[in-house]
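Please open the model in your viewer and keep the selection tool at hand. The stops below say what to select next and what is to be found there.

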Amino acid sequence: ALALLQRAERAVARVRTWHEMEHFSSGSGSFSTTWYTFIVPDRLAYRTNLGKEGRMIAKSNYFRDPGGSWDLTERREAIKVAFRFPLAQEMAGMALGVRTTEDDRVLQVVTYSDPGGKLHFATWIDLKTGLPARLFMVGEAHYMVAEMFKYNERVVITPP
């Protein structure tokens, strides 16, 4: 399990672009979905099911509410885009779960937790590419499911 998570860390370190769809819940009825596009080293775009949108390009942050105009703020330093979920580093209790096939891909589930035992993860890793395809996370007050896809496909994020 540890070797597979370490392989996934090495694979995501080589990725330049990817997309995510994240479902997030507090567990008490609130729920949101956010679609992300990431470009290493310094570009990120997102939109939510509520219609909010944002683009972060180097030091510039663009944001707008549904139907509104774009607002611009500046950061002190450029955003640093990297894979945003923990894999092997500083994790504990790694174990192999079920192996499954989806869309001609063989995926291996690996479960693990943070050292304090407050966050628990299950990550589906594509055995051919070594890249994570899906990640479930359970925390003390929230739950999250993220799908990662279209790794290294050409994508452009520009100011609005």
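Select Arg47 together with Trp35, and you will see, in this predicted model, that the charged end of Arg47 sits over the ring of Trp35, at 4.5 Å from the ring's centre. A second arrangement of this kind can be shown by selecting Arg134 and Trp124, where the charged end of the arginine sits over the ring of Trp124, 5.2 Å from its centre.

Next, colour the strands. Eleven of them form an open sheet with antiparallel pairing, and its order runs S6-S5-S4-S3-S2-S1-S11-S10-S9-S8-S7. Strand S6 (71-74) and strand S7 (92-102) each have a single partner strand, so these two stand at the edges with one side lacking a neighbour in the sheet. On average, and with direction ignored, neighbouring strands of the sheet are turned by 15° against each other.

Within this sheet, select S2 and strand S3 (residues 43-48), which pair in the antiparallel sense over six bridges; here Phe38 stands opposite Leu44 in S3.

Keep Phe38 selected and turn to the aromatic rings, for which the count comes to seven pairs. Add Trp18: the ring centres of Trp18 and Phe38 are 4.7 Å apart and their planes lie at 20°, so this pair is stacked. Because Trp18 lies in strand S1 (residues 17-25) and Phe38 in strand S2, the pair ties together parts that are 20 residues apart in sequence. Trp18 and Phe38 are both buried, and together with Tyr36, Tyr46, Phe83 and Phe85 they form one aromatic cluster. A further pair to select is Tyr112 and Phe121, whose ring centres are 5.1 Å apart with planes at 15°, so that they too are stacked; both of these residues are buried.

Which residues have the most contacts inside the largest nonpolar core? That core has 29 residues, and the ones to select are Trp18, Phe83, Tyr112, Leu135 and Met148. Among the elements that give two or more residues to the core are helix H1 (2-13), strand S2 (31-39) and strand S8 (105-113), and H1 gives the most, with five residues.

As a last stop, select Ile39, which is found in strand S2. Is Ile39 buried or exposed? Its relative accessible area is 13%, and because this falls under the 20% limit, Ile39 counts as buried. Leaving aside neighbours within four places in sequence, Ile39 is in contact with Arg16, Thr17, Val81, Val155, Val156 and Ile157.

Methods:
Residues are numbered from 1 along each chain as its sequence is written. This is a predicted model: local features need pLDDT of at least 70, side-chain atom pairs count only at pLDDT 80 or more; totals for chains, interfaces and linings use all residues. Side-chain values use heavy atoms; hydrogens and water are left out. A nonpolar core is a set of buried Ala, Val, Leu, Ile, Met, Phe, Trp, Tyr and Cys residues joined through side-chain atoms within 4.5 Å. Buried means under 20% relative accessible area, exposed over 50%, partly exposed in between (1.4 Å probe, protein chains only). Helices (H or I, at least four residues) and strands (E, at least two) are DSSP runs, numbered from the N terminus. Contact means heavy atoms within 4.5 Å. Two strands pair if DSSP finds at least two bridges between them. Axes are lines fitted to C-alpha atoms, for helices over the stretch in contact, and angles run from 0 to 180 degrees between N-to-C directions. Rings of Phe, Tyr and Trp (its six-membered ring) pair if their centres lie within 6.5 Å; planes under 30 degrees apart count as stacked, over 60 as edge-to-face and the rest as tilted. A charge sits over a ring if NZ of Lys or CZ of Arg is within 6 Å of the ring centre and within 35 degrees of the ring normal.
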